[in-house]
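Reader: Could you pull up the model so that we can go through it together?
Author: Certainly, here it is.
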Amino acid sequence: MLLAFSDKSGNIYEYPNLEGAFRTGRKFVRINKNDLIKLPYGSVLFSLPDRYPVFYDKKDKNFQYITNSINGEEIWAASSFLTSGYLRTYLPAYINSNNAPILPLWSYTGLVIIDGEFYAPALRVDNDPRSDAELHQNENELQEEINIMLQKYPENRLIKQLSYCSTEYRCLCARNFFLGRYEAPIPTSPSCNANCIGCLSHQEGSEFSKSQERINFKPTAQEIAEVILHHIERVNTSVASFGQGCEGEPLLRGKELSKAIDIVRKKTDRGTINLNTNASLPDMVKLLIKSGLDSIRISLNSPTIEYYNNHFRPVNYTYDDVIKSLEIALTAGIFVSINLFFLPGFTDMESEVNSLFNFLHKFPVNMIQTRNLNIDPDFYLDRIGFRESNPIGIKKLLELIRKNFPQIKLGYYNPPKEK
């Protein structure tokens, strides 16, 4: 497995005779070829500016970094970004130069070249095809459906927002809404009560940019209900989800969401109405469940309070509020997922595994959504106060969850209630 590196123009090459290394937490590691897969279709390659690639020196049996190509030109480390449905197991290995900028908000995965093909340390965690790249090579069909929808609902601002997300950001969830399949996104909240260090839609005074613009209006209950009804009446085993990357915290608009759910449920019991949330407002969670919410997905970077607070930086709520919301949802009997942000060497280190297992024994959730954390690994570990313990490996962690909590589903997407 040869070292992959980038020139300053973003071209990726293999370095002859150098074995590519990987990283977990802050440690460099060698891995077996069996832990690699061919880079899945739809994945992306990245150069990592002012970061030098690390390789394993078989002769000296240690890790070293390299700054120049055979031709003497300065080189940078390379990385992959996995398409949806895949979980990374190791990070790219590199050394930061003194000028290295903070990386944008993507999840960076190791990359090597074997027999002229790209390989990454990853595994598929959800066979649901809803975000497979092959399904989204249909620009003409998408634009036709967007035009039809905008003509049918000319006053609905939410549908206009989704048309923008599906084309400008290529949001696959938004695209599926117009194409009449799977899960529809329902962004509703322009504000948030957390100040996450890795927020995709809001960065103020930060050293890196947000990934997308946050919704800048408040859809009415009628607009929200109109979108949900259109989707669930059109699609079998459909899901409609509040809480998207282009918004803040939907619970801040809980009363309006409750009205929208009431409108929908008075007309049909079809479809799954889901809430992606930080679970900060227990009373609002209770209200939405009473109105007819079917499932809830609660985001966590860690069940360790210190790490949670340092990442989410809650405003006017506490980790205890999150736990109260979780208990309310479990008691009500709706489907409960944890949206757990995975970072190799952090999520799978022994202390975090113990914390997670204690959490799962107390709160028997139905599902863990295993999501790659989109952030510069060094920036993240520095900001949360990382204290390293031995990692057991992402694959081993998933095996232990399946063994010790067989009732918990592992996956990537919000499932419809029919499943």
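Author: What follows is a short talk about cysteines, a helix and one glutamate in this predicted model.

Reader: How many disulfides does a search of the whole structure find?
Author: Zero disulfides turn up when the whole structure is searched. C199, for instance, takes part in none, and the cysteine sulfur nearest to its own belongs to C196, at 6.1 Å.

Reader: And C246, which cysteine sulfur is nearest there?
Author: That of C165, which is 4.0 Å away, and C246 is in no disulfide either. The pair is not counted because a disulfide needs the two sulfur atoms within 2.5 Å.

Reader: Is C246 buried or exposed?
Author: C246 is buried, with a relative accessible area of 6%, and C199 also counts as buried, at 17% relative accessibility.

Reader: Switching to α10, how many of its residues are buried?
Author: Six of the eight residues in helix α10, which spans 377-384, are buried, so the helix is mostly covered. Among them are F379, Y380 and L381.

Reader: What covers them?
Author: The covering elements include the strands β3 (22-24), β11 (91-92) and β12 (94-96), together with helix α7 (305-312).

Reader: What happens at the two ends of α10?
Author: At the start, a side-chain oxygen of D376 comes to within 3.0 Å of the backbone nitrogen of D378, while just after the helix G385 adopts a positive phi of about 75 degrees.

Reader: Last one, where does E141 lie?
Author: E141 lies in helix α1, residues 139-152, and is partly exposed, with a relative accessible area of 41%. Its C-alpha atom is separated by 29 Å from that of K419, which is 278 residues apart from E141 along the chain.

Key: Residues are numbered from 1 along each chain as its sequence is written. This is a predicted model: local features need pLDDT of at least 70, side-chain atom pairs count only at pLDDT 80 or more; totals for chains, interfaces and linings use all residues. Side-chain values use heavy atoms; hydrogens and water are left out. Buried means under 20% relative accessible area, exposed over 50%, partly exposed in between (1.4 Å probe, protein chains only). Helices (H or I, at least four residues) and strands (E, at least two) are DSSP runs, numbered from the N terminus. Contact means heavy atoms within 4.5 Å. A polar contact is a pair of N or O atoms within 3.5 Å; within protein, one must be able to donate a hydrogen and the other to accept it, and residues adjacent in sequence count only if both atoms are side-chain atoms.
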